[in-house]
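The following note sets out points for a colleague who is reading this structure. Please consult the sequence and the coordinates alongside each numbered paragraph.

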Amino acid sequence: MSSTFRLFLHSLSTVTVVSFSSHAAAQIPEGANTAKSIESIERVVTTGSRIANPTSNSGYVVSSVSSDDISFVSPSHIQEVLNFIAGAGVQRGNGQEYLPALRSPVLTGAGACGGILAAEDNIPLRAAGFCNINELFEAHGEMAERIEVLKGPASPLYGSNAIHGVINVITPDVTQDTALYGIDYGSYGYSRLKLRQGKDFGNSGVGINASITRDGGYRDEESVDQEKVNLRHRYEVDNLKVTSGLTYTHLDQETAGYITGFESYKDEDIAQGNDNPEAFRKAKSLRVWSKVDVALSSANALSVTPYFRDQSMEFRMHFLPGTPLEQNDQEGFGVLSQYHHVVNNTLSIDAGLDAEYTRGSLVQSQDSETVGSAFLVETVPVGLHYDYQVDATLYAPFIALNWQQAAWAVSLGGRYEFMDYDYTNNMISGRTRDDGTECGFGGCRYARPESGTNDYSNFSPKLSVSFQSSETTLWYAGLSRGYRAPQATELYRLQRSQQIADLDSVTATNVEVGVKGQHKVFSYVVSAYSLTKDNVIYRDSDFFNVSNGETWHRGVELTFNYQISQGLNFAFAGSYAKHTYEHSELLGEVDIKGNDIDTAPNLTFNARLGYSFTQNTQAEIEWQHVDEYYTDAENLNEYEGHDLLNLRASWAISPEVSVYARVNNLLDTAYAERADYTTFTADRYFPGRPRNVMFSVDYQY
């Protein structure tokens, strides 16, 4: 870390930072997803613009989970509040692990990682070529100011890995006078300490936002120890504003693996068991950034955000034969920049250059003999499987023209991105053991390509149009193209006889139309979309990483908030979608073309009914529905779906002290957080927790 960090500091010190204020890239905030009140349209949305600004009528919908909702739920996992976003779905694994979905099936397997860009305070959590499917556990979602979701490849501000959208965790501005001290305590040894303290010195401020979580776990020999901290500093003078931040996270998790057997999650003894007591995950992450804004003039402004990332993780791969150990790390630095120019009263221009450099490495090794058939024992040997390093460089200029007149607004933009990988194999190339000896049955399972380079260039145009038909109704439409460069693990972590992964970038074409309205007692957003993906990366029947897949994703989403009476309110976020394979591939004797993609429920929704008994006390019941879905690409096996009820209540004892109580899985339903099917294990599941409770006390002023 030291040499790269010194280089980052040197680069930071030589950057001439001037910045800006004004209206920037335009977007439409979806409004607060809350059952507690019908709020006015939010005027500051950073995910769509990177710049705090009054929103206009052009652009795209940004959905948001508010700080009130986060406090009310006090999520032990970010899934619990992402359920409030129409079209978003997360299947929890064990501990803090998960698999995401956003206008998509639940993303799993080869090619899944990197379909959704995860960020904190607009800084991507991982470099573009080094995604991790679980990476949101490196964001401080438990104590966020809000969580914003941009659906689809809508914005030129985001490039590779944002095909299905962006999930951006916004941490609180603790440079103002603020304080919060809290504790959560719940079933199965769950506890969390919360601290937020900030001080405003006028033209500057400093603060901390921190949490410490302990979770004993429902299943045998599982647990989570997690610490997260955000530090922030602000300095303002004249037209200059500098906001700097640091996030550090640490996860120490004892993992419980899948349970197997058809509907085994309905058997309490099996569901509570753990056939993988050796599994664990340990992860650390550090991000440092500084966003500098200076208004150059009334018509010109510039924003520059340099940042540094350092991450490391090791985990036992309990889901693979031989349960190997993976150790990976990455460090690097980058910069986000944006220039805004107002041409006249109707036209403005946004342009910028994003760039980053990352050095990543991966080691996979096995320390004991494989258990299983003679084929597995021979082809999955003890010793090193992979040991490589990748240096990645990314450059991405973008531009957007924004036009607005009367009720009409149009935004036209594009982003060009160049990604270069320099790969170094630190082992013997090929599919031998680490000492060069051959495996039987045709060779070892794991294959290592020769050292070399790969590069990818992509261009993505974006067009959005909106029309304000009345004071309360806005219509919008968008046409966009997104892309996802192959990830380093897809290129260099090969199997069997594959020695070169000749992969293309995944491309996605998205069409969307919608309408949103804000009335006195209710608000709504209705969206319809169609997204087609080409060059989809997957692992074929020969265990080759290939990129000739095609998929089609289409659906309708509804977000609705209704203040039924002074004390009674209702919130709904739902999606009906269809996700299908559009390429021919034989799995056994089944051609999957036209089949539903596995783990893609058609109907999902979240409904919440809340009642305020007094000004200081309220309660809410939540209904989470997940439709049945196929668990294999052949559409021969399926999970029946589930319905969960959760109950929450709060009492503001005083302006400073609030007490919360929550009952999750109120009816003690036996269900699976995740279900899938493999030829090796047949049906397998991550069981959901039985009925459990949590109590919280918060003191803030």
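1. R126 and E138 are both buried. Their side chains form a salt bridge, with an N to O distance of 2.8 Å. Each of the two residues lies in the loop between strand 6 and strand 7, so the bridge ties together parts that are twelve residues apart in sequence. The model is a predicted one, and the remarks below should be read accordingly.

2. A salt bridge also joins the side chains of D200 and R234, at 2.9 Å from N to O. D200 belongs to strand 10 (residues 190-200) and R234 to strand 12 (residues 223-237), so this pair ties together parts that are 34 residues apart in sequence. As for burial, D200 counts as partly exposed because its relative accessibility is 25%, whereas R234 counts as buried at 3%.

3. The side chains of D354 and R415 meet in a salt bridge of 3.2 Å, N to O. This pair links distant parts of the chain, with D354 in strand 18 (residues 347-366) and R415 in strand 20 (residues 408-425), 61 residues apart. D354 and R415 are both buried.

4. How many salt bridges does the structure hold? The count is 36. A network of salt bridges links R103, K151, E512 and E557.

5. R103, a member of that network, also merits attention for its backbone. Its phi is near 50 degrees, a positive value in a residue other than glycine. Most residues other than glycine have a negative phi. R103 is placed in the loop between strand 4 and strand 5, and it counts as buried because its relative accessible area is 3%.

6. A positive phi is found at N635 as well, near 60 degrees, again in a residue other than glycine. N635 lies in the loop between strand 33 (629-630) and strand 34 (638-639). With a relative accessible area of 18%, N635 falls under the 20% limit and is therefore buried.

7. The disulfides number two. Counting bonded cysteines along the chain, they follow the pattern 1-2, 3-4. One of them joins C113 to C131, with an S to S distance of 1.9 Å. It links distant parts of the chain: C113 is in the loop between strand 4 (98-102) and strand 5 (117-120), and C131 is in the loop between strand 6 (123-124) and strand 7 (146-151), 18 residues apart. C113 counts as buried at 16% relative accessibility, and C131 is buried with a relative accessible area of 15%.

8. C439 and C444 form a disulfide with their sulfur atoms 1.9 Å apart. Which hand does the disulfide of C439 and C444 have? The torsion about its S-S bond is about 75 degrees, so the disulfide is right-handed. Both cysteines, C439 and C444, are buried.

9. On the surface, I399, L401, L412, L463, L479 and V511 make a nonpolar patch of about 490 Å². Among them, L401 is found in strand 19 (residues 383-405). L401 counts as partly exposed because its relative accessibility is 38%.

10. D267, E268, D269 and D668 form a negative surface patch. One of these residues, D269, has its place in helix 4 (residues 268-272). Is D269 buried or exposed? At 67% relative accessibility, D269 counts as exposed.

Conventions:
Residues are numbered from 1 along each chain as its sequence is written. This is a predicted model: local features need pLDDT of at least 70, side-chain atom pairs count only at pLDDT 80 or more; totals for chains, interfaces and linings use all residues. Side-chain values use heavy atoms; hydrogens and water are left out. Patches are made of residues with over 30% relative accessible area and no salt bridge: like charges are joined within 9 Å, nonpolar side chains (Val, Leu, Ile, Met, Phe, Trp, Tyr) within 5 Å. Accessible areas come from the Shrake-Rupley method with a 1.4 Å probe; for residues, only the protein chains shown count as cover. A salt bridge is a side-chain nitrogen of Lys or Arg within 4 Å of a carboxyl oxygen of Asp or Glu. Helices (H or I, at least four residues) and strands (E, at least two) are DSSP runs, numbered from the N terminus. Buried means under 20% relative accessible area, exposed over 50%, partly exposed in between (1.4 Å probe, protein chains only). Lys and Arg count as positive and Asp and Glu as negative; His and the chain ends are not counted. The place of a charge is taken as NZ of Lys, CZ of Arg, CG of Asp or CD of Glu. A disulfide is a pair of cysteine sulfur atoms within 2.5 Å.
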